[in-house]
Amino acid sequence: LKAFSAAFPSNSDDACMVFKTSHSSDHPIESKRLKELAREFGIFDRTFFFDDYMPREKLLFLTAASDAYISLHRGEGLGMGMLEAMTLGVPVVATDYGGNTDFVKEQTAYPVPYKLAEAKSDIPAYDFVSKWAQPDIDAAVTFLQRIYRNREEVKRKVATAKDFIEKNYSAETFRNDLSAFLAI
């Protein structure tokens with residue numbers, strides 16, 4: 001929200017944000033705070049919140065219809081949403097930290113630098129996490145503005161990304177890698 005509001009501060013910009021969440025009713029305080037922040041940043045009227053279940057094909061359609069996929073995360077496993085966005089030809093702006101660093105590279109996406117910070121959470125699942133990434137919001141803002149203003153750069157980058165993903169993450173590549181592994 002902060003990066004989007006800084007990149008597109010004016011309602012005169014035709015930019016809007018779609019925020020897809022899941023099970024926000026399980027986290028009512030955080031869900032309410034998310035919407036409060038959108039108001040505080042002055043982008044509530046340009047932010048669309050979707051929390052309902054969305055069948056896979058509709059979720060992929062939503063991703064494909066986007067001008068960018070943003071993942072300013074503190075930590076990430078594989079990053080399936082980012083992979084899917086890249087496969088669909090959508091530019092990805094993501095923290096340069098976690099499992100996604102295998103495919104979020106300067107040639108294929110917009111990797112956002114970060115600083116490691118002490119992890120603070122009252123969620124038990126994160127009890128074992130001592131550090132996590134704090135993405136550089138200014139860098140993310142710059143990337144969002146570049147995507148908005150430089151369509152030729154975006155075309156080249158998403159073509160490279162799509163090619164990279166198809167070569168390295170296809171079902172055929174997986175089968176070949178698994179066959180080679182099992183032959184050991």
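**Exercise 1. Find how many bridges join β3 to strand β4, and work out how the sheet around them is built.**

Step 1. Start with the pair itself: β3 and β4 (residues 92–95) run parallel, and 3 bridges join them. Keep in mind as you go that this is a predicted model.

Step 2. Now pick out residues that face each other. I70 sits opposite V93 in β4, and S71 has A94 as its bridge partner in that strand.

Step 3. Follow the chain between the two strands. It leaves β3, passes through α4 and arrives at β4, making a right-handed β-α-β crossover.

Step 4. Look at the other side of β4. Here 3 bridges link β4 to β5, again with parallel strands, and A94 stands opposite P111 in β5.

Step 5. Put the pieces together. You get an open sheet of 3 strands in the order β3-β4-β5, with parallel pairing. β3 (69–71) and β5 (110–112) are the edge strands with a single partner each, so each has one side without a neighbour in the sheet. On average, neighbouring strands here are turned by 10° against each other, direction ignored.

**Exercise 2. Work out which residues of β4 are buried on each of its faces.**

Step 1. Recall a handy rule: in a regular strand, side chains alternate between the two faces of the sheet.

Step 2. Sort the residues of β4 by side. V92 and A94 go on one side, while V93 and T95 go on the other.

Step 3. Check the burial. All four of these residues are buried, so both faces of β4 are covered.

Step 4. Look for a helix packed against the sheet. Helix α5 (residues 137–149) lies across β3, β4 and β5, and runs at about 165° to β5.

**Exercise 3. Decide whether E84 and E153 count as buried or exposed.**

Step 1. Locate E84: you'll find it in helix α4 (residues 80–87).

Step 2. Compare its accessibility with the cut-off. Buried means under 20% relative accessible area, and E84 has 14% relative accessibility, so it counts as buried.

Step 3. See what surrounds E84. Skipping neighbours within four places in sequence, E84 is in contact with R56 and L60. From E84 to Y69 you count 15 residues along the sequence, and their C-alpha atoms are 9.8 Å apart in space.

Step 4. Do the same for E153, which belongs to helix α6 (residues 151–169). Its relative accessibility is 13%, so E153 counts as buried too. Leaving out neighbours within four places in sequence, E153 is in contact with Y110 and R146.

**Exercise 4. Find which element gives the largest share of the largest nonpolar core.**

Step 1. Get the size of that core: it has 21 residues. Those with the most contacts inside it are L1, F4, F8, V93, Y110, V112 and L144.

Step 2. List the elements that give two or more residues to this core: α1 (2–7), α2, β5, α5 and α6.

Step 3. Pick the winner. That's α5, with 6 residues.

Step 4. Zoom in on L1. Beyond its neighbours within four places in sequence, L1 has contacts that include M17, F19, L34 and L37.

Step 5. Don't miss the second, separate core, which has 12 residues, among them M86, V90, A161 and I165.

Conventions
Residues are numbered from 1 along each chain as its sequence is written. This is a predicted model: local features need pLDDT of at least 70, side-chain atom pairs count only at pLDDT 80 or more; totals for chains, interfaces and linings use all residues. Side-chain values use heavy atoms; hydrogens and water are left out. Two strands pair if DSSP finds at least two bridges between them. Helices (H or I, at least four residues) and strands (E, at least two) are DSSP runs, numbered from the N terminus. Axes are lines fitted to C-alpha atoms, for helices over the stretch in contact, and angles run from 0 to 180 degrees between N-to-C directions. Contact means heavy atoms within 4.5 Å. Buried means under 20% relative accessible area, exposed over 50%, partly exposed in between (1.4 Å probe, protein chains only). A crossover is right-handed if, with the strands pointing away from the viewer, the path from the first strand over the helix to the second runs clockwise. A nonpolar core is a set of buried Ala, Val, Leu, Ile, Met, Phe, Trp, Tyr and Cys residues joined through side-chain atoms within 4.5 Å.
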